[in-house]
Amino acid sequence: DGALEKLFIQLDRELNVVAKDLELGYSNNVNWEKNYSGFWFWSKNWKYVVLGFQFQEYDKGLHFGFSRKKEIKKLPDELLFSFSEMAKGIGKQTSWWPLDLQVEAPFNNWEKFEAWKAIADGRMEKVFREKIENLLVMTKDWNL
């Protein structure tokens, strides 16, 4: 649908601005036909991880956190431990996602109108920006 496509382009532009503001790289590989696509942010200083927002299932189950880079087979133990401490009580840890957190409703399910309304009125951009900023603050002295 053209209206949703326009909203998605709007959000993509907004996330580009967020990335520039925070001095991060940005790309998206969102594909509504596939599972596990999303939005990606990184710093040129990070050796091991990227910061991602990824849909688990097509347009649902949006989660976020740090994902290890594809070329990295295993994170350093110290970094894994730090992420596992951070995840306690707020998220989980998997082999791909050393810090895996859920995006709250209604922002996590883009099958529903409310998520697109949040893109249209700017709330979605604020949710992304806030989550990224919080993770950057919490990990600022880490060797990512």
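Is Gly-52 buried or exposed, and what is its relative accessible area? Gly-52 is buried, with a relative accessible area of 0%. The model in which this residue is found is a predicted one, and the report below describes its sheet, its loops and its aromatic residues.

## The sheet

The model contains an open sheet of five strands, in the order β1-β2-β3-β4-β5, with antiparallel pairing. Its edge strands are β1 and β5, each of which pairs on one side only. On average, and with direction ignored, neighbouring strands of this sheet are turned by 15 degrees against each other. In a regular strand, the side chains alternate between the two faces of the sheet.

Three of the strand pairings can be set out together.

| Strand pair | Sense | Bridges | Opposite residues |
|---|---|---|---|
| β2 and β3 | antiparallel | four | Phe-41 and Leu-51 |
| β3 and β4 | antiparallel | eight | Phe-55 and Leu-62 |
| β4 and β5 | antiparallel | four | Phe-64 and Leu-101 |

Strand β3 covers residues 49-57 and is joined to β4 by eight bridges. The hairpin of β3 and β4 has two residues between the strands, and Tyr-58 in this hairpin takes a positive phi near 50 degrees. Strand β4, residues 60-68, is mostly covered, since seven of its nine residues are buried.

Gly-52, the residue of the opening question, has its place in strand β3. Leaving aside neighbours within four places in sequence, Gly-52 is in contact with Phe-39, Trp-40, His-63, Phe-64, Gly-65 and Trp-97. Gly-52 and Gly-38 are 14 residues apart in sequence, and their C-alpha atoms are 7.0 Å apart in space.

## The loops

The loop between β1 (25-28) and β2 (38-42) holds Ser-37. Ser-37 is buried, with a relative accessible area of 2%. Its side chain reaches the backbone nitrogen of Asn-31 at 3.0 Å. When residues up to four places away in sequence are not counted, Ser-37 touches Asn-29, Val-30, Asn-31, Phe-53, Gln-54 and Phe-55. Two of the names in that list, Phe-53 and Phe-55, also appear in the aromatic cluster described below.

Tyr-36 has its place in the loop between β1 and β2 as well. The phi of Tyr-36 is near 65 degrees, a positive value in a residue other than glycine.

Which residue in the loop between α1 (2-21) and β1 calls for attention? Glu-23 lies there, and its phi is positive, at about 60 degrees, although Glu-23 is not a glycine. Glu-23 is exposed, with a relative accessible area of 71%.

A further backbone feature involves Pro-106, which is placed in the loop between β5 (99-102) and α3 (113-120). The peptide bond from Ala-105 to Pro-106 is cis, with omega near 5 degrees.

## Aromatic residues

How many aromatic pairs does the structure hold? The structure holds 18 aromatic pairs. One of them joins Trp-46 and Phe-66: the ring centres are 5.7 Å apart and the planes stand at 70 degrees, so the pair is edge-to-face. Trp-46 lies in the loop between β2 and β3 and Phe-66 in strand β4, so this pair ties together parts that are 20 residues apart in sequence. Both Trp-46 and Phe-66 are buried.

One aromatic cluster is formed by Phe-8, Tyr-26, Trp-32, Phe-39, Phe-41, Phe-53, Phe-55, Phe-64, Trp-110, Trp-116 and Phe-128. Several members of this cluster have been met already. Phe-41 has Leu-51 of β3 as its bridge partner, Phe-55 stands opposite Leu-62 in β4, and Phe-64 stands opposite Leu-101 in β5. Phe-39 and Phe-64 are among the contacts of Gly-52.

An aromatic ring also meets a charge in this model. The charged end of Arg-68 sits over the ring of Trp-96, 3.9 Å from the centre of that ring.

Key:
Residues numbered from 1 in each chain as written. Predicted model: local features only at pLDDT ≥ 70, side-chain atom pairs only at ≥ 80, totals over all residues. Heavy atoms only, no water. Buried < 20%, exposed > 50% of the residue type's maximum accessible area, 1.4 Å probe, protein only. Polar contact = N/O pair within 3.5 Å; in protein donor to acceptor, adjacent residues only side chain to side chain. Contact = heavy atoms within 4.5 Å. Pairing = 2+ DSSP bridges. Phe/Tyr/Trp six-rings, centres within 6.5 Å; stacked < 30°, edge-to-face > 60°. Lys NZ or Arg CZ within 6 Å of the ring centre and 35° of its normal. Axes fitted to C-alpha atoms, helices over the stretch in contact; angles between N-to-C directions.
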